[in-house]
Amino acid sequence: MPAAPTDRVSNNGLTVAAYAGDGDVLLAFSLDDSLLKQNDLAGFSIQLTEPNGQPQFLMNRLNFSQPVTSGTTPQQQQKQWTTSDQAPFQKFHWVHFPADVEPGQYKYKVTARYCQGNTLVDGPSAEVSVELVPQQAGNFAVGLTRGYVSSQAYATKFKNAPIRPDPKSLDYNTQPFQPAYQWLGWHARKLVFDLLNECVNDKSITVDMFAYDFDEPDILKLCEALGPRLRAFLDNAPLHTGTALEVQTHDRLVKSAGAANVKQGHFQRFAHDKIIIQKKNGQPTKVLTGSANFSVRGLYVQANNILVFNDAKIAAAYDQVFESVFNNMAGYVKSDLAKQWFEFPNQAGVPNFKVSFAPHPKPPMSMDLVNDALNNAKSSVMFAIMTLGGSGKVMQTINKLHLSGKLFSYGMTQSDAGFSLYKPGQPGQLVPFAALVKQVPPPFDKEFTGGAGQVIHDKFIVIDFNDANPVVFTGSSNLADGGESANGDNMLAIYDPEVARLFATEAVRLVDHYYFRAAVSKATSVSPLILSACGGQDKWWTRDYDPQNMRNVQRLLFADGPSAVTTIPSGISDSSSGTPAPAKAAKTAAKTKAPAKAAKAPAKKAPAKAAKKTAAKKTAAKKKAAPKKAAKKTAAKKKAAPKKAAKKSAAKKTAAKKSAAKKKPAKKAAKKTARKTRR
């Protein structure tokens, strides 16, 4: 299977590449340098033609006249969406997830939009085609959720309707919520329900199950329908005791399956696996695993993945682990099962992969493979990692690689205090959870603060996604030493170009989303998010063509492939050398103007007078670029943000109890502040 994108086309100096995901696509584009010298690039329009549909332009949430700030409500943002022919995307990639995905070819026509005075005209165009409906090949399937990352589309389609009644319950009627559940849970949900329905309907099938969060009512009903054909091992860590719905889930399964068939435990910390093993006439036949919990949040709020293997040998390996844990949880970590990788290089219809089952003896041997793969990466690393409870050497390696000048890296991590964004060429920048809450639209605002994992849950590392030997690490594992030593988990290493492209597309979708949310949370009326208008001396794309800027590496890597990247700057922030000064609005009002002879389409109006009056004069705004003020601060040390928050917290306490606060060291105050952010 080639590592190339699904489609790559070049025409008149414009290159467009398409990487198919799971119902979505990563589009990447690049213009020849010579065209930038001859033309004033305003951005790119993207025209979509769906199967059996009519051409329509994708929408941009930024435009030339309406600034977006931290005070802009989600509802106001929704009203500001503008077609990309009038508000071109000022970046060199875009992820599109259609609201309704259908079988057939999706055609994307990308056009460079040039400024002629204050008017927009068409430059070169290139068209790519891709199928977005998930295709199951052979005996393996991977499915993703849409989740909160698609909240804007949810607002359009479902008018921000609640995703479950309040207060939370296991007993509500889910029928009115089914359209939203099918849409939000997408392919991942379908894989779960298809497997469980198959198991319920075939009386020769029994099921062994690991579950962590477990409150999805219809999944619970299917498990109850299995009766004594189900054996389940459920987590009983403190968060799943007391008033947690998982207590009721346990009681109901004991009643339906029998007390001998339902056990609980949590190793040192969590029984964190999410696994369903199908056994036909007592023999393992299929296994479902992944990052998604069997819960409302896991399938309908968070971004998650589900993997299904229709292979007896693979299912048998998972069942060995289940038998060991179910019969003697305390003894599992000392068994040989906890000390090895199970390798499956040649299973029919299954990508080459291996899997390990935590908890492992300390130090966890599983992390050595991940660390070695990172150190041997050739061109790119994308990641979303939980660092709760300690990260270990993998996170240390990622931090080192991120500024090494060896490759392109891009990702985010989550800790107790918030999440850290790793922009190309910059140290991680901590963004507290509180900074995002006001940007979360209903109904996700109620779920967003519901517990750890709400920001990142689909844990993965993608290495060399479009190079010769890509690999994806994913599963239920948090990809950290602490979890691999203390949790019941499974981690998969998948060596397959198609799977790598799918997870790379998901990585960009996920990370870009939170980059934009973080940028909005920092945007002010002085430094808002707004498109860079025509007529300015400093161009929004300057850093994307600066050899000393990681944005240049990203453009070449995504659009032209790894071979196009000849040099990578070491430790160069994307807000340093080559970054344009704040964009200035056009000096004159937009006017309709006939296109130049070279233009192929009628001219569109560029920014109106409102652009002149806005704070665009001080902003080089891109679709998801952070404000200048935030960009300047991202080169600070990773812990600068939490320290600042800690100082503010300590300052508030000083006002209340002045004499006592003076005696408290800053370090102690910081720890107290961090505890407040936990959910």
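The pLDDT is the predictor's confidence in each residue, on a scale from 0 to 100. This is a predicted model, and the mean pLDDT of its chain is 82, with 77% of the residues reaching 70 or more. Over residues 575-605, however, the pLDDT is below 50, although the model has 81 contacts for this stretch beyond near neighbours in sequence. Residues 607-679 likewise stay under 50, and here the model has 121 contacts beyond four places in sequence. Where pLDDT is low, the predicted coordinates should not be read in detail.

Turning to the aromatic rings, a search of the whole structure finds 30 aromatic pairs, including the two in this table.

| Pair | Distance between centres | Angle between planes | Arrangement |
|---|---|---|---|
| Y410 and Y515 | 5.4 Å | 85 degrees | edge-to-face |
| W541 and Y545 | 6.0 Å | 85 degrees | edge-to-face |

Because Y410 lies in strand β21 (residues 408-414) while Y515 lies in helix α14 (residues 497-522), their pair ties together parts that are 105 residues apart in sequence. Both Y410 and Y515 are buried, and ring pairs link these two residues with Y19, F408, F465 and F558 into a cluster.

In the other tabulated pair, W541 and Y545 are buried as well, and Y545 also has a charged partner, since R555 lies over the face of its ring at 3.6 Å from the ring centre. A further arginine, R189, lies over the face of F193, at 4.2 Å from the ring centre.

Definitions and conventions. Residues are numbered from 1 along each chain as its sequence is written. This is a predicted model: local features need pLDDT of at least 70, side-chain atom pairs count only at pLDDT 80 or more; totals for chains, interfaces and linings use all residues. Side-chain values use heavy atoms; hydrogens and water are left out. Contact means heavy atoms within 4.5 Å. Rings of Phe, Tyr and Trp (its six-membered ring) pair if their centres lie within 6.5 Å; planes under 30 degrees apart count as stacked, over 60 as edge-to-face and the rest as tilted. Helices (H or I, at least four residues) and strands (E, at least two) are DSSP runs, numbered from the N terminus. Buried means under 20% relative accessible area, exposed over 50%, partly exposed in between (1.4 Å probe, protein chains only). A charge sits over a ring if NZ of Lys or CZ of Arg is within 6 Å of the ring centre and within 35 degrees of the ring normal.
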